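Student: I am new to this structure and would like to work through it by question and answer. May we begin once it is displayed?

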Amino acid sequence: MNVLIIEDEKALAQELEIFLTNYNYKCEVCFNGKSASEKIATNLYDFILIDLGLPDYEGLDLLKEAKKTNTEAACIILTARAEVYDRIKGLDLGADDYLPKPFSLLELQSRMQAITRRKFGLKHNVVELNGFIINLTDRTICYETTEVSAITKKEFDLIAYLILHKNRTLTRMQLSEHIWGSIINNDYDSNFIDAHVKNIRKKLNIYAQPDWLETVRGLGYKIKING
């Protein structure tokens with residue numbers, strides 16, 4: 001998932017970037033409010049982590065901007081400010097969570113996972129699909145008790161993104177933009193995504209047919225999850 005980190009403490013910002021990248025988030029970092037405002041206005045993110053104590057910008061103003069232009073983004077306030085007012089104001093403006101500094105990186109990641117589950121209507125990070133057990137946290141796929149080890153990182157990214165948007169058809173353009181960060185040659189109808197889906201099915205078919213991974217003719221793909 002795409003994350004914008006807005007933090008003027010460079011050491012902390014880089015620590016956040018390294019940590020979240022290791023959990024397969026795609027991160028961008030801004031050290032000041034001006035550059036953050038520009039990115040919020042032009043790019044779409046899944047998470048925006050906002051430090052309130054920026055030298056050139058009021059963090060709560062960035063939060064307001066984010067809620068206008070990045071309506072789907074989950075915003076988490078990271079700040080050393082101790083005043084209850086700041087927390088209440090941030091939450092009233094639409095922040096999804098609040099972490100006072102210093103905080104545990106593991107707690108931040110856990111809260112981001114909880115927000116993701118709520119946003120996409122998932123009860124757990126483990127999804128069972130006709131014998132296949134997909135763990136979104138450990139990034140593993142098993143069929144019953146056997147691990148499917150042949151799935152590549154990008155293939156898992158594609159499966160995970162479809163699971164998050166369960167029962168919703170995603171176009172090849174949407175999948176390419178989110179998983180690879182760009183449209184390959186602006187050719188939305190290329191077989192680029194199709195080839196990856198074909199490889200996924202081939203690898204899973206060794207164990208059982210993944211009927212839950214559906215092709216929606218002329219549109220794209222979806223993963224069907226009951227309940």
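Student: With which residue does R111 form a salt bridge whose closest N and O atoms are 2.6 Å apart?

Tutor: This is a predicted model, in which local features need pLDDT of at least 70, side-chain atom pairs count only at pLDDT 80 or more, and totals for chains, interfaces and linings use all residues. Residues are numbered from 1 along each chain as its sequence is written, and side-chain values use heavy atoms, with hydrogens and water left out. A salt bridge places a side-chain nitrogen of Lys or Arg within 4 Å of a carboxyl oxygen of Asp or Glu. The partner of R111 at 2.6 Å is E107.

Student: Why are R111 and E107 separated by about one helical turn?

Tutor: An α-helix has 3.6 residues a turn, so residues three or four places apart point the same way. Helices are DSSP runs of H or I with at least four residues, and strands are runs of E with at least two, numbered from the N terminus. R111 and E107 are about one turn apart because both lie in helix 5, at a separation of four residues.

Student: Which residue of strand 5 also meets R111 in a salt bridge, and is that residue buried or exposed?

Tutor: The N to O distance in this pair, R111 and D97, is 2.8 Å. The two residues link distant parts of the chain, 14 residues apart. Buried means under 20% relative accessible area, exposed over 50%, and partly exposed in between (1.4 Å probe, protein chains only). At 16% relative accessibility, the strand 5 partner is buried: D97.
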